[in-house]
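Let's walk through this structure together, from the overall fold to the core and then out to the surface.

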Amino acid sequence: MKNSIAVTYSWNRMAYTINKSLSEHGINVYSGDTSYLTMNRYSRYGYKQFRYPNFYKQPDVFIDFIIDYLQKNSINNLIPTHEEIFLISKHIDRFHGINTLVSDFENIKTAHKKELSVKLAKALDVNIPFSIEPTSREECFYFFNQMEKPIVLKYSNSNSSKGVYFINTISELEFHMHMNGKFILQEYVNGSGYGVSMLYNKGQKRAIFTHKR
């Protein structure tokens, strides 16, 4: 079906916005999620809903299902909106004839993982807060004692503001050190926060906007 697009992880606001915009342009949107109880299911903009296996628990089954569903419904466009993008990117060679807004897996991993983003920024001489990727408890405590308070702890696989903590005491540091795998520690930088969002197509800028948080 020429004017059809599948959107995954459709419970969230980002997927809803995509669904609304595409539907208003006459495109049939197939909204997928692990649950039928999603924001898009109760929207007047959706075309069809579908349910897929949990991509955290059954990654291979998820990929098989998505490819099969797209082929059976003649859908040749796919927009992932959350962490399922990692799986789709990793298996992109299996999505023959399907257009999707997914970058190279290594690029996505670099953008997502905090320690890799920090290394890239340093290599490009971009100013960033003083940061370390600690390998021991002693290194964490030394960083804490040397820096002004608070310090910032960010889990490697966190997104948005989830997995980001302002640490003021040793007890807080000890608690969060063991919560969720790898992390980085950074100096706290005071001031206003700004976000920059950009859309590029094969290296060509299509859209950009900046907002103050």
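**From fold to surface**

The protein chain has 7 helices and 11 strands, taken as DSSP runs numbered from the N terminus (helices: H or I, at least four residues; strands: E, at least two). Please keep in mind that this is a predicted model, in which local features need pLDDT of at least 70, side-chain atom pairs count only at pLDDT 80 or more, and totals for chains, interfaces and linings use all residues. Residues are numbered from 1 along each chain as its sequence is written, and side-chain values use heavy atoms, leaving out hydrogens and water.

Of the 213 residues in the protein chain, 38% are buried (under 20% relative accessible area, with exposed over 50% and partly exposed in between; 1.4 Å probe, protein chains only).

Now look inside. The largest nonpolar core (buried Ala, Val, Leu, Ile, Met, Phe, Trp, Tyr and Cys residues joined through side-chain atoms within 4.5 Å) has 22 residues, and Phe 62, Ile 66, Leu 70, Leu 78 and Phe 95 have the most contacts inside it. Helix 2 (59–72) and helix 3 (84–90) are the elements that give two or more residues to this core, and helix 2 supplies the largest share, 6 residues. Leaving aside neighbours within four places in sequence, Phe 95 is in contact (heavy atoms within 4.5 Å) with Ile 63, Ile 66, Ile 67, Leu 70, Leu 78 and Ile 88. Apart from this core lies another, of 14 residues, including Cys 140, Phe 141, Met 147 and Leu 173.

Finally, turn to Leu 124, in the loop between helix 5 (114–123) and strand 6 (131–132). Leu 124 counts as exposed because its relative accessibility is 57%.
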